[in-house]
Amino acid sequence: MTHLDGDSVLDISDNCQEAANGEQTDTDGDGIGDVCDPDLDGDGINNSDDNCPYLKNPLQTDVNGMYTLEASDQVGDDCVVDSDGDGIDDRDQVGDNCVVDSDGDGIDDSEQTYGSMKYSGTVYVPSDKGDNYIGIVFGYVNNRKFYLLSWKPTNYNFETTTFQTGVKGLNLKVVNSNTGPGQTLAYALWHSSTTVNQDTVLWQDGNMTRWSNYTSYKWFLWHYTDLNKIRFQLYDVDSLLADSGDIYDTSITGGRVGVYQFGQESVLWSDLKVQCIPRDNKALYLDGVDDYIVLTNITRLDIYQSFSVGLWIKIDSLAGGDMPLFCTDTRTICLWLDGGFIHGSYGNNTVTSTSTINTNQWISLLYIYDESEYSMTLYVNGNSVGVTSDVTPIDLTQYITDEDTLFYLGKNSNNFYKGYVDEFVFYNVALLGTEINDHIHLPSITKYPTFHRYGKLYYKMDQTTGSMYLKDEGLLEVPGQIQGSPILEDVKPQDYSRFNLEYPDN
């Protein structure tokens, strides 16, 4: 592959092959890099004559120079902060879309932070010197809390007298240092393993892929902050060298991005780009008349002892009477609402919440039967709201008819649920008390390595109205059979509710 200008960007993707421009800046998006473009902003006026060359302004308006050239500051109004020359900064006279500190917190808005995003770029070391760390930073909150993807070409100790060994290959860490910048954190960043109170390793490349001098590498980093999911890929020209797969971590929900060098000189970073990623989240609306979902039966769910049922709901009224959420026709096992109170059944045993839920608000519900504790417990937004004790396990094999064993979402023998439902999950184990808050914050059972093999059913509801089946992303992969005409709607407020539960101080 040719590489004429030595800026680390291969000619096949270089937008200015005649001059080095590693940043690949293209202000007007016309495919010609700024270094080679005679009209940077694409407004039809050559750079040498343009009074605002980096911002499209074909009218060349210059308020304080409209009448005499001598009075003009020779700078177009779109490029100055005092366009009328009155001595008052325009940013103090207009709305948030024009100021650099819109919330008045003293932090410049231009120091851009990101939520869900795709971060990409090219790295090239045009030197024989050094065999140390290069990498990228994302989710940067401050100098003691951030994600770090580092890459080393050889194994090497930080110092000969220490055990801090830098192992060759790629390494992803979440940094949460209790000391901040200093020798302790420096040792921890160099060391390829976890350091208590400093950083935690989330992923290491098992192939120990090293970087080489005089070689261009293209990397892509996805951080889905609403799903707490991270993925990294590395390419050499067009060959995939490393893929982290999906990594789940809830430590940081966004921040600034950057590049990283530790002891390595002569590094060229180029074509750095950040693309925001929106989340498309839907929920299922059931009409309370004839909408429901046929799921599966007790036998296929392997319910022999403990189980957990979780979902998010939103209702607009407490006057709906008996509204089944997850039930058999005869309530062998059932989770339902009645007058706003939550009820759970297990055989002839029941548990009821001590208070009603709120209307017109997304609520996380969790119903757990724990065979080891002989208890049935209901949770709302992670808080226990009802417990029944001394409930011995039931031999569910005694139930053989569909009325006793077949589960539905949104109905039982005589009643239907009216409202929204989202993120339904069924485990054939009891979630531990210490994990309940984590569970409601994470909308995917794949984030639970410990319980993933127990997640029998998982319906995200993220599909389109008109579907005949709900996709099951749990272990059973049982499509939910849609009955009636339920509607799948966008529900970004549900994500907002989950975020507020996880980060109440934000």
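In this predicted model, residue D370 has a relative accessible area of 16% and, because this value lies under the 20% cut-off, is classed as buried. D370 belongs to strand 21, which comprises residues 363-370. The side chain of D370 takes part in a polar contact with the side chain of S372, at a distance of 2.6 Å. When residues up to four places away in sequence are set aside, D370 is in contact with S306, S375 and A430.

Elsewhere in the chain, an open sheet is formed by five strands, which are arranged in the order 7-6-3-2-12 and paired in the antiparallel sense. The edge positions are taken by strand 7 (199-204) and strand 12 (256-262), and because each of these has a single partner strand, one side of each remains without a neighbour in the sheet. From one strand to the next, the twist of this sheet averages 20°. In general, the strands of a sheet pair through backbone hydrogen bonds, in either a parallel or an antiparallel arrangement.

The pairings within the sheet can be described individually, beginning with strand 2. Of the 10 residues of strand 2 (residues 133-142), seven are buried, so this strand is largely enclosed by the rest of the structure. Strand 2 pairs with the edge strand 12 through six bridges in the antiparallel sense, and in this pairing I134 has Q261 of strand 12 as its bridge partner. Six bridges likewise connect strand 2 with strand 3, and these two strands run antiparallel; here the bridge partner of I136 is L149 in strand 3. The connection between strand 2 and strand 3 along the chain is a hairpin of two residues.

Strand 3 (residues 145-152) is in turn joined to strand 6 (residues 169-176) by eight bridges, again with an antiparallel course. Within strand 3 and strand 6, whose residue ranges are 145-152 and 169-176, Y147 is placed opposite V174 of strand 6. Strand 3 thus stands between strand 6 and strand 2 in the strand order 7-6-3-2-12.

A separate segment is marked by a database record rather than by the coordinates. According to an unreviewed UniProt entry, residues 25-60 carry the annotation "repeat: TSP type-". In the model, the chain over residues 25-60 is 0% helix and 0% strand, and the C-alpha atoms at the ends of this segment lie 23 Å apart.

Key. Residues are numbered from 1 along each chain as its sequence is written. This is a predicted model: local features need pLDDT of at least 70, side-chain atom pairs count only at pLDDT 80 or more; totals for chains, interfaces and linings use all residues. Side-chain values use heavy atoms; hydrogens and water are left out. Two strands pair if DSSP finds at least two bridges between them. Helices (H or I, at least four residues) and strands (E, at least two) are DSSP runs, numbered from the N terminus. Axes are lines fitted to C-alpha atoms, for helices over the stretch in contact, and angles run from 0 to 180 degrees between N-to-C directions. UniProt positions are given in the numbering used here, feature names are shortened, and annotations may be inferred rather than shown by experiment. Buried means under 20% relative accessible area, exposed over 50%, partly exposed in between (1.4 Å probe, protein chains only). A polar contact is a pair of N or O atoms within 3.5 Å; within protein, one must be able to donate a hydrogen and the other to accept it, and residues adjacent in sequence count only if both atoms are side-chain atoms. Contact means heavy atoms within 4.5 Å.
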